[in-house]
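Ready for some practice in reading a protein fold? Keep the chain in view and try each task before you look at its solution.

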Amino acid sequence: MNHETDPRELGEFLPPGEELPDPDERIERNPQEWARILPPDTYRVLREEATERPGSSELNHEKRRGLFVCAGCGAALFTSATKYESGSGWPSFYAPIEGALGTSTDHKLMVPRTEYHCRRCGGHQGHVFDDGPAPTGLRFCNNGLALRFVPADPE
Ligand SMILES: [Zn+2]
């Protein structure tokens, strides 16, 4: 069974009036354009696959209902319903929104890892490991800098 979130069922995670960008659109910018619109630390994660220091993201403690969207292009990547406390120091999820991510194999370390990125803009998000909780057994280990949280109930 597929435990990815059906993109047609995001209504309960969306604030009133919020519109999501078209997930099938593709955003292409050159490095200079990205560097102009992103803060330097966010640029290094999204466009150069840097990894932020563990425990540094305030999104580790984010427990409200809502959506985690790409910090580069605003595409919805994860819902709060799939977030869990992994103890890793990075925001962690057990399943993405269906069709939101693309993957590749990263050979930066001795053991190859599966890198994943926003399918809409290609921005690097994190790595997926097979030590996550039920129902998927997957751990999407995400850089907080690569995400923006949109609460379903704005204060
Ligand atoms: Zn994106």
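**Exercise 1. Find which residues of helix α2 are buried, and what they pack against.**

Step 1. Locate the helix: α2 covers residues 40-48. Helices (H or I, at least four residues) and strands (E, at least two) are DSSP runs, numbered from the N terminus.

Step 2. Apply the burial test. A residue is buried if 20 or more other C-beta atoms lie within 10 Å of its own, exposed if 12 or fewer, and partly exposed in between, with C-beta atoms placed from the backbone. In α2, T42, Y43, V45 and L46 are buried.

Step 3. Recall some helix geometry. An α-helix has 3.6 residues a turn, so residues three or four places apart point the same way.

Step 4. Look for the partners. The buried residues of α2 pack against α1 (31-37) and β7 (124-129).

Before going on, note what you are working with. This is a predicted model, where local features need pLDDT of at least 70 and side-chain atom pairs count only at pLDDT 80 or more, while totals for chains, interfaces and linings use all residues. Residues are numbered from 1 along each chain as its sequence is written.

**Exercise 2. Describe the backbone at E49, and explain why E49 counts as partly exposed.**

Step 1. Place the residue: E49 comes just after α2, in the loop between α2 and β1.

Step 2. Check the angle. Phi of E49 is near 60 degrees, a positive value in a residue other than glycine. Most residues other than glycine have a negative phi, and most peptide bonds are trans.

Step 3. Count neighbours: E49 is partly exposed because it has 18 C-beta neighbours inside 10 Å.

**Exercise 3. Work out the strand order of the six-stranded open sheet, and name its edge strands.**

Step 1. Use the pairing rule: two strands pair if DSSP finds at least two bridges between them.

Step 2. Write the order. The open sheet reads β3-β4-β8-β7-β6-β5, with antiparallel pairing.

Step 3. Pick out the edges: β3 (83-84) and β5 (101-106) each pair on one side only.

Step 4. Start from β3. Two bridges link β3 to β4 (residues 92-93) in the antiparallel sense, and K83 has F93 in β4 as its bridge partner.

Step 5. Start again from β5. Six bridges join β5 to the antiparallel strand β6 (residues 113-118), with S104 opposite E115. β5 and β6 form a hairpin with six residues between them.

Step 6. Go on to β7. Four bridges pair β6 with β7, again in the antiparallel sense, and H117 stands opposite H124. This hairpin has five residues between its strands, and G122 in the turn has a positive phi of about 80 degrees.

**Exercise 4. Find which residues have the most contacts inside the largest nonpolar core, and which strand gives the most to it.**

Step 1. Define the core: a set of buried Ala, Val, Leu, Ile, Met, Phe, Trp, Tyr and Cys residues joined through C-beta atoms within 7 Å.

Step 2. Read off the result. The largest core has 29 residues, and those with the most contacts inside it are V69, C70, A75, A76, L77 and A146.

Step 3. See who contributes. α2, β1 (66-70), β2 (76-79), β6 and β8 each supply at least two residues, and β1 gives the most, with four.

Step 4. Look around A146. Two residues are in contact if their C-beta atoms, placed from the backbone, lie within 7 Å. Leaving out residues up to four places away in sequence, A146 touches V45, L46, C70, A71, G123, H124 and Q125.

**Exercise 5. Why does L145 count as buried, and what does L145 contact?**

Step 1. Place L145 in the loop between β8 (139-142) and β9 (147-151).

Step 2. Count: L145 is buried because it has 22 C-beta neighbours inside 10 Å.

Step 3. List the contacts. Apart from neighbours within four places in sequence, these are D41, T42, V45, E52, S57 and A71.

**Exercise 6. Find the cis peptide bond, then see what T136 touches.**

Step 1. The cis bond joins A134 and P135, with omega about 5 degrees. P135 sits in the loop between β7 and β8.

Step 2. T136 is also placed in the loop between β7 and β8. Not counting residues up to four places away in sequence, T136 touches H3, Y94 and A95.
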